[in-house]
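Colleague: Before I use this model, I would like to go through a few of its side-chain contacts with you. Could you take my questions in turn and show the reasoning behind each answer?

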Amino acid sequence: MSELSLFFAQNAACDTTEEFVVSQRFKDKEGKAAVWKLRSMNEDENQECRKAATRKVKGKNGTYTTEIDPNEYMAKLMTASVVHPDLKNTELQRSYGVMGAESLLRKMLLPGEFAALGERVQALNGFATDMNELVDDVKN
């Protein structure tokens, strides 16, 4: 196998999936903490999350600049990585009185649980730095 063939698509590792206990508050039938299933994504999917969290802001002299909302970006990244539970399920959303996967995640989880899930999703997707640093990099 040549050095270049190491990078061929068929030789690349597939998407990574893992199980993660986000909260001790959700229990299965045996009383054990419910396990969430998370997946990694590719850069195209990350770009979609980033684009969806980007807004045009009117600046001086009527010029517009783009600005990423780091909280919205993180929520989109997290919901795109959660496989189970299905955050897009309308019945689940209705049970919390919200519409949309990001709103559901914010309503379901305590702040510390939300932060722990965010850290796990970042690590799973290869982000070794703080999300605020990533947002700063994207801006530049």
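Colleague: Does Lys-76 count as buried or exposed?

Modeller: Please keep in mind that this is a predicted model. A residue is called buried when its relative accessible area is under 20%. The relative accessibility of Lys-76 is 16%, so Lys-76 counts as buried.

Colleague: Which residue in helix α2 forms a salt bridge with Lys-76, about one helical turn away?

Modeller: Helix α2 covers residues 70-81, and the partner is separated from Lys-76 by 4 residues within that helix, which is about one helical turn. The closest N and O atoms of the salt bridge are 3.3 Å apart, and the residue that pairs with Lys-76 in this way is Glu-72.

Colleague: Where does the partner of Lys-76 in the 3.6 Å salt bridge lie?

Modeller: The side chain of Lys-76 also meets that of Glu-102 in a salt bridge, at 3.6 Å from N to O. This pair links distant parts of the chain, 26 residues apart, with Lys-76 in helix α2 and Glu-102 in helix α4. Glu-102 counts as buried because its relative accessibility is 18%. The partner's place is therefore helix α4, residues 101-108.

Colleague: Which residues are linked with Lys-76 in a network of salt bridges?

Modeller: Two of the links have already come up, namely Lys-76 with Glu-72 and Lys-76 with Glu-102. The network of salt bridges that contains Lys-76 also holds Glu-72, Glu-102 and Arg-106.

Colleague: How many residues apart are Glu-113 and Arg-25, which form a salt bridge?

Modeller: The closest N and O atoms of Glu-113 and Arg-25 are 2.9 Å apart. At 11% relative accessibility Glu-113 counts as buried, whereas Arg-25, at 43%, counts as partly exposed. The pair joins distant parts of the chain, since Glu-113 is in helix α5 and Arg-25 in the loop between β1 and β2, and their separation is 88 residues.

Colleague: What is the angle between the planes of Phe-26 and Trp-36 in their aromatic pair?

Modeller: The structure holds 1 aromatic pair, formed by Phe-26 and Trp-36 at 6.5 Å centre to centre and described as tilted. Phe-26 lies in the loop between β1 (17-20) and β2 (36-39) while Trp-36 is in strand β2, so the pair ties together parts that are 10 residues apart in sequence. Both Phe-26 and Trp-36 are buried, and the angle between their planes is 55 degrees.

How values were computed. Residues numbered from 1 in each chain as written. Predicted model: local features only at pLDDT ≥ 70, side-chain atom pairs only at ≥ 80, totals over all residues. Heavy atoms only, no water. Phe/Tyr/Trp six-rings, centres within 6.5 Å; stacked < 30°, edge-to-face > 60°. Helix = DSSP H or I, 4+ residues; strand = E, 2+ residues; numbered from the N terminus. Buried < 20%, exposed > 50% of the residue type's maximum accessible area, 1.4 Å probe, protein only. Salt bridge = Lys/Arg side-chain N within 4 Å of Asp/Glu carboxyl O.
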